[in-house]
Amino acid sequence: MTQRLSELTTMQVGGSPAELLEAHSRDQLIDYVTGVWATGDDWLVLGGGSNIVAADDLGHLTVIRTLNRGIERNGNLLRVQAGENWDEFVAFTVEAGLTGVEALSGIPGCVGAAPVQNIGAYGQEVADTIVRLEFVEYPSGDIRVLEAKELGFGYRDSIFKHGRAGVITWVEFELSDQPPASLDRLNQAIGREVATSAEIRREVLATRASKGMVLDPADRDTASCGSFFTNPIVSDGFSRSIPGDAPRWLQPDGTVKLSAAWLIENSGLGKGFKLGDSRAALSTKHALAITNRGDATAEQVRELASFIQLQVANRWGVNLVPEPNFVGF
Ligand SMILES: Cc1cc2nc3c(=O)[nH]c(=O)nc-3n(C[C@H](O)[C@H](O)[C@H](O)COP(=O)(O)OP(=O)(O)OC[C@H]3O[C@@H](n4cnc5c(N)ncnc54)[C@H](O)[C@@H]3O)c2cc1C
């Protein structure tokens, strides 16, 4: 079976039909990846395709899609197969009265990709609940289990974000049966305090939807990779050159995280901005998302991203770092 990456990704760009292998179990996933590696062909492991910008011309590529599902529960410990839908997993934990991932409700994609960039939202990060994971190491094909401390977790970062460490088959989480930690950023966003994980999930889903951050085929603002740039972390001294009304979050090491959305909007690039007649544009709801307004090319996405980087660097002296994974550029 062949399919274009534009049909397999939420950004909906990417040409050249790719050979598609669908892995429905852990063992099939291992067989497929080791089989493709043995051929030396170019390959990509794909979950929900929600954090990928694929080039217009990809050449020959084999895509291995994780569709292996299943949640095994042992008390507060949950072993989850890589192809499990992330948000359905979150819903399962909330219904089970477990806490720790409720603020990550509504993030698209699969469980196997969650550790790759250490997904996060409203001050919660998945790294705080991951205990260990299993992966097929590239290129040896060895099956290895790594503990959380070996995964190089940082802000939107892990050992899997850089190059090809391998393919994750399952992830183990340790959740809590205690009430959820208070989420200042969510409370600020909605103007009141929410206390239960079910309430947090409901409010997070509603807030995200209002910003085009929950996938909706009827809403072009969600044809995106979510946030296109990470929030830059700068020194305390440098942060003083940014106006006082700009959002900022002090980090435990004394550095300061700035809002990439604020920097973009205050560089003259408002919501909905696009270059000429390009079909790639900033979301009409959130200046941090680059969206496909319908038949955009990967090149148009790349051009808009470069333009934003240039404007923000010229105006504020900050280099914005893209968050999605670029394939075939
Ligand atoms: C509307 C929208 C909102 C979003 N909001 C957020 C948010 O709030 N916070 C956030 O952190 N992210 C967010 N994202 C980004 C994205 O949803 C997450 O990064 C998600 O974890 C990607 O999952 P996926 O299965 O779609 O990964 P894919 O896009 O399929 O893959 C992403 C990368 O991970 C690799 N990968 C996938 N599966 C595996 C595996 N099993 N083993 C090894 N590598 C693998 C791929 O090769 C690729 O490099 C958002 C995206 C969208 C479209």
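# Exercises: ligand contacts, a domain interface and salt bridges

An oxygen atom of the ligand is 2.7 Å from a polar backbone atom of Val-45, a polar contact being a pair of N or O atoms within 3.5 Å; within protein, one must be able to donate a hydrogen and the other to accept it, and residues adjacent in sequence count only if both atoms are side-chain atoms. The model is predicted: local features need pLDDT of at least 70, side-chain atom pairs count only at pLDDT 80 or more, and totals for chains, interfaces and linings use all residues. Residues are numbered from 1 along each chain as its sequence is written, and side-chain values use heavy atoms, with hydrogens and water left out.

**Exercise 1.** Describe the surroundings of the ligand.

*Step 1.* There are 34 residues around the ligand, counted when one of their heavy atoms lies within 4 Å of it. Val-45, Gly-47, Gly-48, Ser-50 and Asn-51 come nearest.

*Step 2.* Gly-49 places a polar backbone atom 2.9 Å from a ligand oxygen. Gln-117 uses a polar side-chain atom, 3.0 Å from an oxygen atom of the ligand.

**Exercise 2.** Characterise the interface of domain 1 and domain 3.

*Step 1.* The bounds, from an automatic or database domain assignment, are 2-66 for domain 1, 71-174 for domain 2 and 220-327 for domain 3. The C-alpha centres of domain 1 and domain 3 are 27 Å apart.

*Step 2.* In contact (heavy atoms within 4.5 Å) are 13 residues of domain 1 and 18 residues of domain 3.

*Step 3.* The two domains bury about 1300 Å² between them, with 56% of it on carbon and sulfur atoms; buried area is the accessible area (1.4 Å probe) that two parts lose on being put together, summed over both. Met-11, Asn-51 and Val-53 supply 49% of the area that domain 1 buries against domain 3, more than any other three residues.

*Step 4.* Across this interface the rule finds 0 salt bridges, but 10 residue pairs in polar contact, both residues at pLDDT 80 or more.

**Exercise 3.** Locate a salt bridge and the elements that it links.

*Step 1.* A salt bridge needs a side-chain nitrogen of Lys or Arg within 4 Å of a carboxyl oxygen of Asp or Glu. The whole structure has 19 of them.

*Step 2.* One pairs Arg-69 with Glu-88, with 2.6 Å between the closest N and O atoms. Arg-69 is in the loop between β5 (62-66) and β6 (71-74) and Glu-88 in helix α3 (residues 86-95), so the pair ties together parts 19 residues apart in sequence. Helices (H or I, at least four residues) and strands (E, at least two) are DSSP runs, numbered from the N terminus.
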